[in-house]
Amino acid sequence: MLQWLLPLGVLAGIGQMWRVAIGCILVVAGISLAAAGRRVLTGLGTNVSPLRPTTALATGGVYQWTRNPLYTGRTLIMLGIALVFALDWLVLLIVPSVLILHFGVVTREEQYLEQKFGDSYRQYKASVARYGFGV
């Protein structure tokens, strides 16, 4: 709605070929990352949904370099869509949504995992970036 009511035009100023190419790369990377995370969780027999209890600690596969591949993947997908369709407002709205996700979901999940898995999770947490890419 914001894009239609108050278009900013910043992304539209980037060449369409570059925007679409980079956006598609981000979408594919995000889907791949989230799918890899999901495969690890289902392979361990644990719940993928954060609303259901975790039965195993995922530390292999993609979880060796990011503790949150599903959230990181979904964020990359949204950024890719924003680029492909030149949706400036989507990029801007990703910022508060990522903050809400971080403080409202991720930090709570980490507390839960620390209580459930203790030192194993603390060691994992100390050695693997929360969102990958050193972040």
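## Helix packing and local geometry in a five-helix chain

The buried residues of α3 pack against α2 and α4. In this predicted model, those residues of α3 are P69, L70, Y71, T72, G73, L76, I77, G80, A82, L83 and V84. The helix holds 16 residues, and its first and last C-alpha atoms lie 22 Å apart, close to the 22 Å expected at 1.5 Å a residue.

The chain as a whole contains 5 helices and 0 strands, so that the order of elements from the N terminus reads α-α-α-α-α. Its C-alpha trace extends over about 50 × 25 × 25 Å along the principal axes. Of the 135 residues in the chain, 34% are buried. Among contacts between residues at least 6 apart in sequence, 70% link residues at least 24 apart.

Helix α4 covers residues 88-117, and for its 30 residues a span of 44 Å is expected at 1.5 Å a residue; the end C-alpha atoms are 41 Å apart, which agrees. A kink of about 35° is nevertheless present in α4, centred on H102. H102 is itself buried, as are D88, W89, L90, I94, V106, E110 and L113 of this helix. The packing partners of the buried residues of α4 are α1 (2-5), α3 and α5. Beyond the end of α4 comes G118, with a positive phi near 55°.

A positive phi also occurs at A86, a residue other than glycine, where the value is near 55°. Most residues other than glycine have a negative phi. A86 is located in the loop between α3 and α4, just after α3. With a relative accessibility of 11%, A86 falls under the 20% cut-off and therefore counts as buried.

The nonpolar core was examined next. In soluble globular proteins, nonpolar side chains tend to be buried together. The largest nonpolar core in the model has 13 residues, of which L41, A58, V62, Y63 and Y124 touch the most other members. Helices α2, α3 and α5 each contribute at least two residues to this core, and α2 provides the largest share, with 4 residues. Two of the residues named above, A58 and Y63, are also contacts of L41. Apart from neighbours within four places in sequence, the contacts of L41 further include T46, N47, V48 and L70.

Y124 also takes part in an aromatic pair. A pair of aromatic rings is described by the distance of the centres and the angle of the planes. The search of the whole structure returned 1 such pair. It is formed by Y121 and Y124, with 6.1 Å centre to centre and 55° between the planes, and is classed as tilted. Because Y121 and Y124 are 3 residues apart in helix α5, about one helical turn separates them. Y121 and Y124 are both buried.

Both tyrosines are in contact with R67. R67 is placed in the loop between α2 (16-44) and α3 (69-84). Its relative accessibility is 11%, so R67 counts as buried under the 20% cut-off. The side chains of R67 and E110 are joined by a polar contact of 2.6 Å. E110 is one of the buried residues of α4, and the contact thus links the α2-α3 loop to that helix. When residues up to four places away in sequence are set aside, R67 touches K125, V128, A129 and R130 in addition to E110, Y121 and Y124.

V128, one of these contacts of R67, belongs to the segment after α5 (119-127). At 9% relative accessibility, V128 likewise counts as buried. Not counting neighbours within four places in sequence, V128 is in contact with Y63, Q64, W65, T66 and R67. For W65, which lies 63 residues from V128 along the chain, the separation of the C-alpha atoms is 5.5 Å. Y63, another contact of V128, is among the core residues that touch the most other members.

Note on methods: Residues are numbered from 1 along each chain as its sequence is written. This is a predicted model: local features need pLDDT of at least 70, side-chain atom pairs count only at pLDDT 80 or more; totals for chains, interfaces and linings use all residues. Side-chain values use heavy atoms; hydrogens and water are left out. Buried means under 20% relative accessible area, exposed over 50%, partly exposed in between (1.4 Å probe, protein chains only). Contact means heavy atoms within 4.5 Å. A polar contact is a pair of N or O atoms within 3.5 Å; within protein, one must be able to donate a hydrogen and the other to accept it, and residues adjacent in sequence count only if both atoms are side-chain atoms. A nonpolar core is a set of buried Ala, Val, Leu, Ile, Met, Phe, Trp, Tyr and Cys residues joined through side-chain atoms within 4.5 Å. The expected span of a helix is 1.5 Å times one less than its number of residues. The bend at a residue is the angle between axes fitted to the seven residues ending there and the seven starting there. Rings of Phe, Tyr and Trp (its six-membered ring) pair if their centres lie within 6.5 Å; planes under 30 degrees apart count as stacked, over 60 as edge-to-face and the rest as tilted.
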